[in-house]
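Please look over the sequence and the model shown below before reading the report. It is written for a reader who wants to follow each statement on the coordinates.

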Amino acid sequence: MSTVTTGRTLDANGDPVPGTGFELDPDSQFADRVRERTGPVTSHPTRPVWGIPLEGSGDTIRTLSVFGPGYGGPPEHYHEQSPERFEVERGSLTMMLDGTDHEVTAGETATVETGVTHTFRNDTDKRAVVITNIYSPGRLRQVLPTLGGLAHDDDGNSENPLQQALVADRLDGNTVFTRQERLEPLSRLLTPVAELAGYQGAYAKYTQPAFWERHVEQPDL
């Protein structure tokens, strides 16, 4: 069975960085899903996670998400207006919902309602392939690409407190990161400083296909 590697981070010369992509069989159902993509593959340069946009229905972000072995997941958070649904097609995820772990395996789904504190991770040594649906995403449409884009961009720094303060401000009313919630008084103080320094809560360039085509190897199937 032949496989191809894709999704690798591209260096400054446009060459793939070894060990940063994922393999797939061109004749597999997974490859068929990848062929359905409606935009470029996105990733994080130092974490085994990739996002492949799919056609959504209504006001929904629908993504074929690939979580490599050991992926630790996003920071713990909850949504005030955007329920999520995770449909596991391959492998398994450990979903932490309000502090309790639930294993979701291939063929199973998990729905995260508004107000439920959650995160998820891949505790296994195998890749997990999951269709994620975010309903009524609001500003998440701009912020999610920004979080990954900042990590790829030499001019960006997603860990900068000023940057984090403006991301939290941009998501106000939609998504709350529990760590940021504890730091909310400080975050509110930093917001005007961050704005004066030229930071933004989301950047349009990270929503552009050209950015991701420069930074992430795209599938050729």
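The report that follows describes a predicted model, taking a sheet, one of its residues and the aromatic pairs in turn.

## The open sheet

Six strands make up an open sheet, in which the order is β3-β4-β5-β12-β7-β10 and the pairing is antiparallel. At its edges lie β3 (42–44) and β10 (109–112), each of which pairs on one side only. On average, and with direction ignored, neighbouring strands of this sheet are turned by 20 degrees against each other.

Within this order, β5 and strand β12 (residues 128–135) run antiparallel and are joined by eight bridges; as for individual positions, Ile61 stands opposite Ile134 in β12. Helix α2 (residues 140–152) packs on the sheet, where the helix touches β3, β5 and β12, and the direction of α2 makes about 55 degrees with that of β3.

## Thr63 in strand β5

Strand β5 covers residues 60–67, and Thr63 is found in this strand. Thr63 counts as buried because its relative accessibility is 16%, and the cut-off for that class is under 20%.

When residues up to four places away in sequence are not counted, Thr63 touches Gly51, Ile52, Pro53 and Leu54, and also Val130, Ile131 and Thr132. The last three of these contacts, Val130, Ile131 and Thr132, have numbers that fall within the range of strand β12 (residues 128–135), to which β5 is joined by eight bridges.

## Aromatic pairs

The count of aromatic pairs in the model comes to nine. One of the pairs is formed by Phe22 and Phe30, whose rings lie 5.8 Å centre to centre with 40 degrees between the planes, an arrangement that is tilted. Both partners are buried: Phe22 counts as such at 4% relative accessibility, and Phe30 has a relative accessible area of 7%.

How are the rings of Phe67 and Tyr71 arranged, stacked or not stacked? Their centres are 5.2 Å apart and their planes stand at 10 degrees, so the pair is stacked, given that planes under 30 degrees apart are placed in that class. Phe67 counts as buried at 4% relative accessibility, and Tyr71 likewise counts as buried, at 8%. Ring pairs also link Phe67 and Tyr71 with Phe86 and Phe120, so that the four residues are joined into a cluster.

Methods:
Residues numbered from 1 in each chain as written. Predicted model: local features only at pLDDT ≥ 70, side-chain atom pairs only at ≥ 80, totals over all residues. Heavy atoms only, no water. Helix = DSSP H or I, 4+ residues; strand = E, 2+ residues; numbered from the N terminus. Buried < 20%, exposed > 50% of the residue type's maximum accessible area, 1.4 Å probe, protein only. Contact = heavy atoms within 4.5 Å. Pairing = 2+ DSSP bridges. Axes fitted to C-alpha atoms, helices over the stretch in contact; angles between N-to-C directions. Phe/Tyr/Trp six-rings, centres within 6.5 Å; stacked < 30°, edge-to-face > 60°.
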